[in-house]
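Morning, everyone. I have one protein to walk through today, so please look at the screen.

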Amino acid sequence: DFLCISLVNGFTQLRYNLGEKTVILQTLQKVHANGNTWHSLNAGRVGNEGYLDLDGINITQKASPGMNALDTHTDFFVGGVSSLNLVNPMATENEPIGFTGCIREIVINNRELNLTVTDPKGGANIGDCDGTDCGYTVCKNNGTCQVENSGFSCSCPREWTGTTCEQSIHCSQNMCGSQALCIPQPSSFSYTCACALGWTGKYCKNKIKFYIAKFVGNSYIKYTDPLYGKRDLQYSRLSLNFTTNQTEGLIAWMGKSEDEDNDFLAIGLANGTLKVVINLGERISVPLMHSKYFTCSDGRWHFVTVVQNQTCIKVYLDEELIHFEDIDPQKKYTALNYGGICYFGGFEIGRKVSIVTTGLFQKEFFGKIKDVVLFQDSKKIQLMKAEGYNIYDGNSGN
């Protein structure tokens, strides 16, 4: 199997083979070979239906019945290959030769590759391409880059300022402390300060300690499990106490949450009911709802424990077993590869719960969390030692 993009007689060509026949798509227009015109290329396949788009003009090859998976186990090469005998003879029209020109902003399956000296696995005979200090992402937030004698300058849109348009004008004169992030509020032409863990106050200049974490909706804690490398991921366990008077909210998310393929175990509230969702692989998320209990939004403390024994999931609420289910009797995936990351109350600032969880949970958590224990650890995790913002001391009034 292969998938190959190449230049042929001035035209861009996509060729791929999923195990049966080689599909060939070629652009209608030629590429300008004057060396100073950038072209935008989108190419790929959905199943065995291919598409090739050069500068907005699309060519599509309709799918026919047959194989629809690309089984490749080689490295991903850009611009050339380490040895020409790696190239399938059907992948190019003529004898394969390396590319001469510039390539930037490569995005594979929605992930951008960093074309730097250190990020790729290897390479040879590569130089700086833009030839200017501007690059293609130097100026942030739609700023325009100009090359100057001393380097570059950015012309920024009205709402942004700074050498690379990285700062909102609403934050340019902010008084947030060093342990804070300035969050622009364009609608009121002002800003708010998001306080790092252990800090509070309007400008985050007051130091606090807490053992009970209070979440106010734009809060989150991200805990990195130092014992992750030693965990048996087929037998996971998460327990904690929480209290809230809200009917919706994400309480805990055990997983990296970087893309939709990541494994996770999630605990939250939906319609006032405890909701547990688990994904052990292949985007199969199994929501475990329990409708008998509508008392989780009553402002009282509740103790929840979720135990994963391979594909068998047990959920305990206030020390009563409320749910037991084998989510995959075939046992295709049996480990919770959570990457050593646990989120509480929400995700990083700017990442909405409803979007990150693809609608599994609707809102960030309002309430308090304490006594978090991972696996069979003898000690509770120290929430104070994690990363996070906008967490208040929940000890008062308990």
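Let's start with contacts. Take the pairs of residues at least 6 apart in sequence that touch each other in this protein: 56% of those contacts join residues at least 24 apart. Keep in mind that this is a predicted model.

Now the overall build. What does the secondary structure come to? One helix and 28 strands. The C-alpha atoms fill a box of roughly 75 × 60 × 35 Å along the principal axes. There are 398 residues in the protein, and 38% of them are buried.

Next, the surface. The accessible area is about 23200 Å². Carbon and sulfur atoms account for 49% of that. On charge, we have 35 positives and 40 negatives. Their mean positions lie 8 Å apart.

On to the sheets. A quick reminder: strands of a sheet pair through backbone hydrogen bonds, either parallel or antiparallel.

Go to the N-terminal end of the numbering. Strands E1, E2 and E3 make an open sheet, in that order, with antiparallel pairing. Which strands stand at the edges? E1, residues 2-8, and E3, residues 22-26. Each has a single partner strand, so one side of each is left without a neighbour in the sheet. On average, neighbouring strands here are turned by 20° against each other, ignoring direction. Strand E2 covers residues 11-17, and five bridges join E2 to E3. One spot to find on screen: Gln13 sits opposite Gln26 in E3.

Move along to another sheet. This one is also open, has three strands and runs E4-E5-E6, again with antiparallel pairing. E4, at 41-46, and E6, at 57-61, are the edge strands, and each pairs on one side only. The average turn between neighbouring strands of this sheet is 10°, direction ignored. E5 spans residues 49-54 and pairs with E6 over five bridges, in the antiparallel sense. Look for Leu52, which faces Ile59 in E6.

Now a hairpin. E13 is residues 180-185 and E14 is residues 190-195. Six bridges hold the pairing, which is antiparallel. Ile183 has Thr192 of E14 as its bridge partner. How many residues lie between the two strands of this hairpin? Four. In that turn, Phe189 has a positive phi of about 55°.

Why point that out? Because most residues other than glycine have a negative phi. We have two more residues to look at on that score.

The first stop is Asn110. Asn110 is not a glycine, yet its phi is positive, about 70°. Find Asn110 in the loop between E7, residues 107-108, and E8, residues 111-112. Buried or exposed? Asn110 counts as exposed, at 77% relative accessibility.

Then Ser257. Here too phi is positive, about 55°, and again the residue is not a glycine. Ser257 is in the loop between E19, residues 249-254, and E20. Ser257 is buried, with a relative accessible area of 8%. The cut-off for buried is under 20%, and exposed means over 50%. So Asn110, at 77%, is exposed, while Ser257, at 8%, is buried.

Stay with E20. The strand covers residues 264-270, and Ile267 lies in it. How buried is Ile267? Its relative accessible area is 0%. What does Ile267 touch, leaving out residues up to four places away in sequence? The list is Leu238, Leu250, Ile251, Ala252, Leu274, Lys275, Val276, Val304, Val306 and Phe361. Two of those names to pick out on screen are Lys275 and Phe361.

Let me link this back to the hairpin turn. Ile267 and Phe189 are 78 residues apart in sequence. In space, their C-alpha atoms are 37 Å apart.

Last residue: Thr334. Thr334 is in the loop between E25, residues 320-326, and E26, residues 341-344. Is this loop residue buried or exposed? Thr334 has 18% relative accessibility, so it counts as buried. That value falls under the 20% cut-off. Leaving aside neighbours within four places in sequence, Thr334 contacts Leu233, Gln234, Leu280, Gln308, Gln310 and Thr311.

To recap the loops: Asn110 is exposed, whereas Ser257 and Thr334 are buried. And over the protein, 38% of the residues are buried. That's my part done.

Conventions: Residues numbered from 1 in each chain as written. Predicted model: local features only at pLDDT ≥ 70, side-chain atom pairs only at ≥ 80, totals over all residues. Heavy atoms only, no water. Buried < 20%, exposed > 50% of the residue type's maximum accessible area, 1.4 Å probe, protein only. Contact = heavy atoms within 4.5 Å. Areas by Shrake-Rupley, 256 points an atom, 1.4 Å probe, with all protein chains shown as cover. Lys, Arg positive; Asp, Glu negative; His and termini not counted. Charge placed at Lys NZ, Arg CZ, Asp CG, Glu CD. Pairing = 2+ DSSP bridges. Axes fitted to C-alpha atoms, helices over the stretch in contact; angles between N-to-C directions.
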